[in-house]
Amino acid sequence: MQVFHTVNGLRDILRKHRNSEQSIGFVPTMGNLHDGHLALIKQAKETNDIVVCSIFVNALQFGLNEDWDKYPRTYDSDCKKLEEAGCNYLFYPDDSEMYPNGLDTQSRVICPTMTDVLCGASRPGHFEGVTTVVSKLFNIVQPDEAIFGIKDYQQLAVIKRMTEDLCLPVKITPAPIHREADGLAMSSRNSYITEDERPKVKVLKEVLELIAQQIKAGNLGFIKLELEAKKRIEFEGFKADYVTVSNSKTLQPAAVDDRQITILGAMYTESARLIDNVSITLD
Ligand code: AMP
């Protein structure tokens, strides 16, 4: 695997592949790679000739009191894992390469409405940072296909919408959620969970699944289901941020005649914010 720190270096090599009609698959990440990330790389390899991964802890998508400075940075072990997974190129830029004119005056990409709800409501500006960096990365890599994890469901939906709205020539492909043995969705932020909390955090996935079962069984009292789920999260000692039954495409609160439903949840432990989701299709 070859590592590039500059936009021009990566562009030069990718141009050669494009000219030989080789397809390019792309997996953007913030590093601290786990099996969930590596599954995305493997998925990209199955459908493309060349796979590019990026590692960039994007300051633009972190709020002022969030964990940008303490976000785990594990470059050496990430490189080893990417090499083993068969990644061809790693793009590993620094802040000045990605934001040469500084963050404050950076042009931005905005995807309205969908980003005002759920994680967007609790993390103002977060998705603007995501859509901006992802469109920059798409312009740098110019991939045929980009793979995003369903784990970050709202992010995937927003990126799909941005790609459609701006006619970006990239196929956005979802990848299934990778979980630990007890059901906890793998995440770089799981390293913030304390030993005491660890056996209890599976409650998030459990309450989302319970709601899914209830809805499938015909219980369409979404608000009550959401309230009960939040109570159970609080009972385990965590702070519920949101539990919401949403329309899978628009992410607005689900209507009783919606067929594609996604139940999304977020909760705070002592020092982590965890998210998860479950999707169902009704007949
Ligand atoms: P991150 O490094 O957290 O920005 O994630 C990079 C990509 O990996 C995003 O598309 C995530 O949705 C995806 N990802 C992270 N965790 C998981 C997981 N547990 N299962 C599947 N995909 C994941």
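1. Which residue just after helix 3 takes a positive phi? In this predicted model, Gly86 does so, with a value of about 90°. Two further residues with positive phi, neither of them a glycine, are taken up in points 7 and 8.

2. The overall division of the chain comes next. The domain assignment gives domain 1 as residues 2-175 and domain 2 as residues 188-277. To the contact between them, domain 1 contributes 22 residues and domain 2 contributes 20 residues. Taken over C-alpha atoms, the centres of domain 1 and domain 2 are separated by 26 Å.

3. The sheet is open and is formed by six strands, whose order is 1-4-3-2-5-6 and whose pairing is parallel. Strand 1 (2-4) and strand 6 are the edge strands, each pairing on one side only. From one strand to the next, the twist averages 25°. Helix 1 (residues 7-19) packs on this sheet, where it touches strand 1, strand 2 (24-29), strand 3 and strand 4. The direction of helix 1 makes about 150° with that of strand 4.

4. Strand 3 deserves a separate comment. Six of its six residues are buried, and the strand is thus described as mostly covered. On one side the buried residues are Ile50, Val52 and Ser54, and on the other they are Val51, Cys53 and Ile55, which leaves both faces of strand 3 covered. Strand 3 is paired with strand 2 in the parallel sense over six bridges, and Ile24 stands opposite Ile50 in this pairing. Between these two strands the chain passes through helix 2, and the β-α-β crossover is right-handed. Strand 3 also pairs with strand 4, again in the parallel sense, over three bridges. Here Val52 stands opposite Tyr89, while Ser54 stands opposite Phe91.

5. Helix 3 (residues 75-85) connects to the same region, since strand 3, helix 3 and strand 4 make a right-handed β-α-β unit. Which residues of helix 3 are buried? They are Asp78, Cys79, Leu82 and Ala85. These residues lie on the same side of helix 3 because they cover an arc of only 130° around the axis. The cover over them includes helix 2 (35-47), strand 3 (50-55) and strand 4 (89-91). Asp76, Lys80 and Glu84 are exposed, and they are carried on the face turned away from the buried side of helix 3. Gly86, with its positive phi, follows just after this helix.

6. At the other end of the strand order, strand 5 (residues 145-149) and strand 6 (residues 171-175) run parallel and are joined by five bridges. Within this pairing, Ile147 has Thr173 of strand 6 as its bridge partner. Strand 5, helix 7 (residues 153-165) and strand 6 together make a right-handed β-α-β unit. Helix 7 lies across both strands, and it runs at about 170° to strand 6.

7. Most residues other than glycine have a negative phi. Against that background, Asn32 should be inspected: its phi is near 55°, a positive value in a residue other than glycine. Asn32 is located in the loop between strand 2 and helix 2. Is this residue buried or exposed? Asn32 is buried, its relative accessible area being 17%, where the cut-off for buried is under 20%.

8. Leu251 is a further case, with a positive phi of about 70° although it is not a glycine. Where does Leu251 lie? Its place is in the loop between strand 7 (239-247) and strand 8 (260-268). Leu251 is buried, with a relative accessible area of 1%.

Conventions
Residues are numbered from 1 along each chain as its sequence is written. This is a predicted model: local features need pLDDT of at least 70, side-chain atom pairs count only at pLDDT 80 or more; totals for chains, interfaces and linings use all residues. Side-chain values use heavy atoms; hydrogens and water are left out. Buried means under 20% relative accessible area, exposed over 50%, partly exposed in between (1.4 Å probe, protein chains only). Helices (H or I, at least four residues) and strands (E, at least two) are DSSP runs, numbered from the N terminus. The arc is that of the directions from the helix axis to the C-beta atoms. Contact means heavy atoms within 4.5 Å. Two strands pair if DSSP finds at least two bridges between them. A crossover is right-handed if, with the strands pointing away from the viewer, the path from the first strand over the helix to the second runs clockwise. Axes are lines fitted to C-alpha atoms, for helices over the stretch in contact, and angles run from 0 to 180 degrees between N-to-C directions. Domain bounds come from an automatic or database domain assignment.
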